[in-house]
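Work through the exercises below with the sequence and the structure open. Try each task before reading its solution.

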Amino acid sequence: MKSYRKELWFEVPTRRAFINITPDVVQCLEDSNVTEGFVLVNAMHITASVFINDDESGLHQDYETWLEKLAPHSPPSQYHHNVGEDNADAHMKRQLMGREVVVAISGGKLDFGTWEQIFYGEFDGRRKKRVLVKIIGE
Ligand code: ZN
């Protein structure tokens, strides 16, 4: 069995953003030489997410609106967590959007459903953060 590990680094200049990281994961897959197996992609921070969905700008704006309704950033004082920091909403947004994805690898390709793409969701940016890519298989 082959095994491959890589950390992808991000420094988003805004508090929140969605980034399509599918090309990065495809590059990892090519570097791994695995043709049959699985890839795990997970955010290594508790205020960021990795998720799969379609790559549409309207959809990303809708996520932003939906997440702000469920876990609004302001006022920061509404959260018990926000003593000396202001990112309680980012912890909750991460909980909603998830920590990781697993994708099957078949014939050397990511075995996606129609329109599926992998995204990094940043909810407390403006600092360096990591995503782990782990590939196992043959
Ligand atoms: Zn926090």
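The model is predicted.

**Exercise 1. Place H60 in the structure and decide whether H60 is buried or exposed.**

Step 1. Find the element: H60 is part of helix α2, which covers residues 57-70.

Step 2. Apply the cut-off. Buried means under 20% relative accessible area. H60 has 14% relative accessibility, so H60 counts as buried.

Step 3. List the contacts. Beyond its neighbours within four places in sequence, H60 is in contact with F18, D54, D55 and F119.

Step 4. Check a distance. H60 and A17 are 43 residues apart along the chain, and their C-alpha atoms are separated by 8.7 Å.

**Exercise 2. Find which residues of helix α3 are buried and which elements they pack against.**

Step 1. Helix α3 runs over residues 88-97, and its buried residues are A88, D89, A90, K93, R94 and M97.

Step 2. Consider the spacing. An α-helix has 3.6 residues a turn, so residues three or four places apart point the same way.

Step 3. Look at the partners. The buried residues of α3 pack against β2 (17-20), β3, β4 and α2.

Step 4. Look past the end of the helix. G98 follows α3 and has a positive phi, near 95°.

**Exercise 3. Describe the salt bridges that involve R16 and E68, then compare the settings of two other pairs.**

Step 1. Start with the total: the whole structure holds twelve salt bridges.

Step 2. Take R16 and E68. Their side chains meet in a salt bridge at 3.4 Å, N to O. This pair links distant parts of the chain, with R16 in the loop between β1 and β2, E68 in helix α2, and their positions 52 residues apart.

Step 3. Classify E68. Its relative accessible area is 23%, so E68 is partly exposed.

Step 4. Widen the view. R16, E64, E68, D89 and K93 are linked in a network of salt bridges. D89 and K93 are also among the buried residues of α3.

Step 5. Turn to E7 and R5, which form a salt bridge with the closest N and O atoms 3.0 Å apart. E7 is partly exposed at 22% relative accessibility, and R5 is partly exposed at 48%.

Step 6. Set beside that pair E122 and K129, whose closest N and O atoms are 2.7 Å apart. Both E122 and K129 are buried.

**Exercise 4. Identify the largest nonpolar core and the contacts of V39.**

Step 1. The largest nonpolar core has 23 residues, and those with the most contacts inside it are I21, V39, V41, I118, V131 and I135.

Step 2. The elements that give two or more residues to this core are β1, α1, β3, β4, β5, β7 and β8.

Step 3. Another core, of eight residues, lies apart from it and includes F51, L67, A90 and M97.

Step 4. Leaving out residues up to four places away in sequence, V39 touches V25, V101, V102, V103, I105, L110, V133, K134 and I135.

**Exercise 5. Locate the nonpolar surface patch and classify M1.**

Step 1. The patch is formed by M1, F38, V102 and I136, with about 450 Å² of accessible area together.

Step 2. M1 is in the segment before β1. Exposed means over 50% relative accessible area. M1 has 77%, so M1 is exposed.

Step 3. From F38, go to D111: their C-alpha atoms are separated by 9.5 Å, and the two residues are 73 apart along the chain. D111 lies in the loop between β6 and β7 and is partly exposed at 45%.

Methods. Residues numbered from 1 in each chain as written. Predicted model: local features only at pLDDT ≥ 70, side-chain atom pairs only at ≥ 80, totals over all residues. Heavy atoms only, no water. Patch = residues over 30% accessible without salt bridge, like charges linked within 9 Å, V, L, I, M, F, W, Y side chains within 5 Å. Areas by Shrake-Rupley, 256 points an atom, 1.4 Å probe, with all protein chains shown as cover. Salt bridge = Lys/Arg side-chain N within 4 Å of Asp/Glu carboxyl O. Helix = DSSP H or I, 4+ residues; strand = E, 2+ residues; numbered from the N terminus. Buried < 20%, exposed > 50% of the residue type's maximum accessible area, 1.4 Å probe, protein only. Core = buried A, V, L, I, M, F, W, Y, C linked by side-chain atoms within 4.5 Å. Contact = heavy atoms within 4.5 Å.
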